[in-house]
Amino acid sequence: MSIFAEGLFAPGEEGSAERRLFLAATAALSLVLMAGTEMNSHVFPLFDPIFTFARDISVTAHAVSLLVLGVVAYAYAKVLTPRSFAGLSFAFLIAGAVGLSASLVAASPLLLTLSASVCAIGRAGASLLVCLALVLLPFRAQVLAICAAYLLQSAGQLITPFIPSLVSLGFFQLFPLFALLLVVRPGAEVMGRACAHEAPRDLSVVRPASFVAPFSTLFVCLFLFQAAFGFALRFGEVDGASPFMNLNWLFVIALSTLALKGGKWFSMDGAVSFAALAVVGGFLLVLSGNPFYDSGAVVLLNGGNSLFSMVSRMVLVAIAARNVAGSVTVLAWGLGVTSLGSLVGAAAAMLCNHSAQANYQLHFVLPALFLIVFVAYMFFVMRNFSFSGAVAEVEPLTLAPSAAAQQESFQEKCLSIGQRFGLSPREQEVFAMLARGRDRAYIEADLVVSKNTAKAHVKHVYAKLGIHSHQELLDLVEKG
């Protein structure tokens with residue numbers, strides 16, 4: 001049976017929690033994506049009069065931080081602690097926002113570069129936590145959340161040109177912060193479950209089928225497609241202004257419609273093939289030599305990238321869900337590779353722009369070389385590769401909740417039982433100790449009360465719960 005024929009959420013209370021997570025993760029992902037839109041449309045052009053290379057340095061910081069995080073999570077998972085990671089991400093976003101505003105006012109190249117890089121590292125942390133939160137959803141809910149987020153981003157792109165630059169700067173600074181707040185708890189929970197166990201490097205020796213190699217076809221493909229996007233973003237720039245025509249929302253709507261239909265209508269591999277066709281068509285328009293087609297080339301390149309970006313997130317999140325132990329590694333590495341690809345593509349586009357001024361023929365050489373590499377890779381390597389198959393081939397490796405999560409769940413269960421039976425705050429404390437197997441002597445010492453007082457508290461707890469032995473109390477806690 002197709003996974004799209006199954007219910008979207010589990011029944012009962014678990015389903016309600018999944019619905020809340022679905023809404024929070026969708027909103028958070030859309031905010032992260034819209035921050036990227038504001039960055040490319042309004043924020044980066046503000047850098048150019050001060051220090052144009054600040055944008056490229058910040059993108060490099062974004063990519064490197066994710067790649068380093070992926071390596072650390074792979075080899076030294078226990079070094080990462082969810083609370084510290086979330087706190088540092090929040091701190092980097094705040095510090096970056098303050099520094100960025102100050103640097104634009106002071107027109108300081110050094111402060112601009114540093115603050116933009118700090119902000120980029122904070123965005124990287126927010127993006128990772130959003131994807132980790134999506135891991136907790138069923139597969140179909142993951143797909144629909146990603147589609148909905150890209151649709152919201154596309155709607156935002158339609159009004160972005162009419163937003164003042166300073167307002168866009170505020171959105172760029174605030175959106176990742178709001179996204180982080182929306183998903184910090186579920187994202188940190190998945191990170192905690194992943195990092196509390198053996199490092200993926202060790203587990204991959206025992207369960208190699210559960211992991212995707214860092215230089216596998218999947219990640220190389222991520223790099224090439226994102227390089228095409230980076231090329232489209234900077235190709236044909238004149239004084240920092242790109243002849244950008246945003247029609248990629250048509251591509252997003254098409255894929256989202258197919259995803260909603262589900263079943264045979266939705267195909268990850270079909271979407272990737274169409275994205276590759278759009279990328280090839282975009283580069284062919286570049287090579288035509290007619291400036292009239294440059295805008296059309298950018299539309300196709302960006303549309304193809306949007307399709308592939310949606311599918312790549314679906315694949316990365318699905319793989320992470322099948323192997324929670326490697327979730328931080330695969331997501332951080334995948335996001336880092338795409339960011340690096342964007343940087344390389346942008347550099348290639350800038351070379352094209354500058355080479356056209358010295359030698360017009362060179363204007364076509366780099367696009368032609370990129371197209372040859374892209375087509376060769378798709379024809380010789382990708383023809384035997386399936387994105388759906390890449391997910392299915394990952395051997396599921398689920399992990400138990402972390403000790404902190406188990407402790408929190410146990411406390412919530414005890415509190416719920418205590419409230420149900422009308423225990424007083426002091427009786428609630430005694431009940432929680434008894435549920436953990438503590439005896440009266442322990443309770444007496446911990447609460448600093450007399451032996452008779454401790455005995456009276458235990459007696460009242462038993463009476464209110466309607467039980468007569470410690471075993472009955474443990475049975476009650478186990479049943480919830």
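**Exercise 1. Glu-429 and its partner**

Task: In this predicted model, classify Glu-429 as buried, partly exposed or exposed, and identify the residue with which Glu-429 forms a salt bridge.

Solution.
Step 1. Glu-429 has a relative accessible area of 38% and is therefore partly exposed, since that class lies between the limits of 20% and 50%.
Step 2. The partner is Arg-426, and the closest N and O atoms of the pair are 3.6 Å apart.
Step 3. Arg-426 has a relative accessible area of 33%, so Arg-426 is partly exposed.
Step 4. Both residues belong to helix α16, where they are three residues apart, about one turn of the helix.

**Exercise 2. A link from α16 to another helix**

Task: Determine which residue forms a salt bridge with Glu-427, and state how far apart in sequence the parts tied together by this pair are.

Solution.
Step 1. Glu-427 forms a salt bridge with Lys-464, with 2.8 Å between the closest N and O atoms.
Step 2. Glu-427 is in helix α16 and Lys-464 in helix α18 (residues 451-465), so the pair ties together parts that are 37 residues apart in sequence.
Step 3. The accessibility of each partner is then compared with the limits. Glu-427, at a relative accessible area of 7%, is buried; Lys-464, at 36% relative accessibility, is partly exposed.

**Exercise 3. The cover of helix α16**

Task: State how many residues of α16 are buried, and describe the backbone just after α16.

Solution.
Step 1. Helix α16 spans residues 425-435, and eight of its eleven residues are buried, so that the helix is mostly covered.
Step 2. The buried residues are Glu-427, Gln-428, Val-430, Phe-431, Ala-432, Met-433, Leu-434 and Ala-435.
Step 3. Just after α16, Gly-437 adopts a positive phi of about 90 degrees.

**Exercise 4. The salt bridge of Arg-55**

Task: Give the number of salt bridges in the whole structure, and characterise the one formed by Arg-55.

Solution.
Step 1. A search of the whole structure finds three salt bridges.
Step 2. Arg-55 pairs with Asp-48, the closest N and O atoms being 2.9 Å apart.
Step 3. Arg-55 is buried, with a relative accessible area of 6%, whereas Asp-48 is partly exposed at 22% relative accessibility.

**Exercise 5. The largest cavity**

Task: Find the volume of the largest cavity, and establish which element gives the largest share of its lining.

Solution.
Step 1. The count comes to one cavity of 30 Å³ or more, and the volume of the largest cavity is about 40 Å³.
Step 2. Its lining consists of Met-39, Val-43, Phe-44, Phe-47, Ser-58, Leu-100, Ala-116, Cys-119, Arg-123 and Phe-172.
Step 3. The elements giving two or more residues to this lining are α1 (12-51) and α4 (109-134). The largest share, four residues, comes from α1.
Step 4. By class, the lining has eight nonpolar, one polar and one charged residues.

**Exercise 6. A nonpolar surface patch and helix α6**

Task: Name the residues of the nonpolar patch on the surface, and state which elements each supply at least two of them.

Solution.
Step 1. The patch is formed by Phe-90, Ile-94, Val-98, Leu-174, Phe-178 and Leu-181, which together have about 540 Å² of accessible area.
Step 2. At least two residues of the patch come from each of α3 (82-106) and α6 (165-195).
Step 3. Leu-174 is located in helix α6 and is partly exposed at 40% relative accessibility.
Step 4. Leu-182 also has its place in helix α6, and is partly exposed at 38% relative accessibility. The C-alpha atoms of Leu-182 and Ala-28 are separated by 6.2 Å, although these residues are 154 residues apart along the chain.

**Exercise 7. Positive phi outside glycine**

Task: Locate Ala-107 and Val-448 in the chain, and state the sign of phi for Ala-107 and for Val-448.

Solution.
Step 1. Most residues other than glycine have a negative phi.
Step 2. Ala-107 has a positive phi, near 55 degrees. Ala-107 is placed in the loop between α3 and α4, and is partly exposed at 44% relative accessibility.
Step 3. Val-448 likewise has a positive phi, near 55 degrees. Val-448 lies in the loop between α17 (440-447) and α18; at 71% relative accessibility, Val-448 counts as exposed.

Note on methods
Residues are numbered from 1 along each chain as its sequence is written. This is a predicted model: local features need pLDDT of at least 70, side-chain atom pairs count only at pLDDT 80 or more; totals for chains, interfaces and linings use all residues. Side-chain values use heavy atoms; hydrogens and water are left out. On a 1 Å grid over the protein atoms alone, a cavity is a set of points where a 1.4 Å probe fits but cannot get out, and a pocket is an open set with protein on both sides within 12 Å along at least five of seven lines; lining residues have an atom within 4 Å of a point. Grid points are joined across faces, edges and corners, and a volume is the space filled by probe spheres set on the points. Ala, Val, Leu, Ile, Met, Phe, Trp, Tyr, Cys and Pro count as nonpolar, Asp, Glu, Lys and Arg as charged, and the others, Gly among them, as polar. Buried means under 20% relative accessible area, exposed over 50%, partly exposed in between (1.4 Å probe, protein chains only). Patches are made of residues with over 30% relative accessible area and no salt bridge: like charges are joined within 9 Å, nonpolar side chains (Val, Leu, Ile, Met, Phe, Trp, Tyr) within 5 Å. Accessible areas come from the Shrake-Rupley method with a 1.4 Å probe; for residues, only the protein chains shown count as cover. A salt bridge is a side-chain nitrogen of Lys or Arg within 4 Å of a carboxyl oxygen of Asp or Glu.
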